[in-house]
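Let's take a walk through this protein together. Keep the structure open beside you and follow along from the overall layout to the finer details.

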Amino acid sequence: MGDSFPLQVDSATAVPLSLGRARFASIEQGIVLLAMQWVCAWHGCTKPGIELEVHHLRSYLDGGETSLDNLILLCREHHRCNNDRRDGAGGKGYFTKDSRTGAVRHHPARGGPARETATYHYRRAPGQRVHDPPLFEDSA
Ligand SMILES: [Zn+2]
């Protein structure tokens, strides 16, 4: 397979939205993430998009890709609450996203049930555009 990766593009603009093993998210990915989230993915956090950092759900160093399926936005404070090794070290948990529903969950360091923080999904069906995701779909 080498260095190849599936290229995901916006169907309207052909802007790449999946960068495979690129280390950092592109400006276009940041814009799409902002359009999906607006605020930090942490449950109840209302830090606005302009103050958020891009987080790889599966660590880049662990092979995680810089693609929308693997990225969320977190404020600096909550980005520090993540442990990429997922071993509970430092009392830090980690985040996951359900690829089917787009639900983002935080898994506490001490174990126990994951807490659903929000649902972010974008349209991927052929011919559909990336805009108009359900921004704050309530999971309750
Ligand atoms: Zn936050």
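The paragraphs below go from the overall fold to one sheet, and then to the confidence of the model.

A word of care before we start: what you are looking at is a predicted model. The protein contains two helices and five strands. Read from the N terminus, these elements come in the order α-β-β-α-β-β-β. The chain has 140 residues, of which 24% count as buried. If you consider the contacts between residues at least 6 apart in sequence, 42% of them join residues at least 24 apart.

Now turn to the sheet. Which strands form it, and in what order? Three strands line up as β3-β4-β5 in an open sheet, and their pairing is antiparallel. The edges are taken by β3, residues 94-97, and β5, residues 115-119, each of which pairs on one side only. From one strand to the next, the twist averages 25°.

Let's look at the two pairings one at a time, beginning with β3 and β4. These strands run antiparallel and are joined by four bridges. Within this pairing, lysine 97 sits opposite valine 104 of β4. The two strands make a hairpin with five residues between them, and here glycine 102 adopts a positive phi near 80°.

On to the other pairing. Strand β4, which covers residues 103-107, pairs with β5 over four bridges, again in the antiparallel sense. Valine 104 turns up here too: its place is opposite alanine 118 in β5. Valine 104 therefore faces a residue in each pairing, lysine 97 and alanine 118, as you would look for in a strand with partners on both sides.Finally, how far can the model be trusted from place to place? The mean pLDDT of the protein is 78, with 73% of its residues at 70 or more. Among the elements, helix α2 (residues 76-79) has the highest mean pLDDT, 94, and β5 the lowest, 80. Over residues 1-6 the pLDDT is below 50, and this stretch has five contacts in the model beyond near neighbours in sequence. Residues 123-140 also stay under 50, and for them the model has 29 contacts beyond four places in sequence. Where pLDDT is low, the predicted coordinates should not be read in detail.

Key
Residues numbered from 1 in each chain as written. Predicted model: local features only at pLDDT ≥ 70, side-chain atom pairs only at ≥ 80, totals over all residues. Pairing = 2+ DSSP bridges. Axes fitted to C-alpha atoms, helices over the stretch in contact; angles between N-to-C directions. pLDDT = per-residue confidence, 0-100. Contact = placed C-beta atoms within 7 Å. Buried ≥ 20, exposed ≤ 12 C-beta atoms within 10 Å, placed from the backbone.
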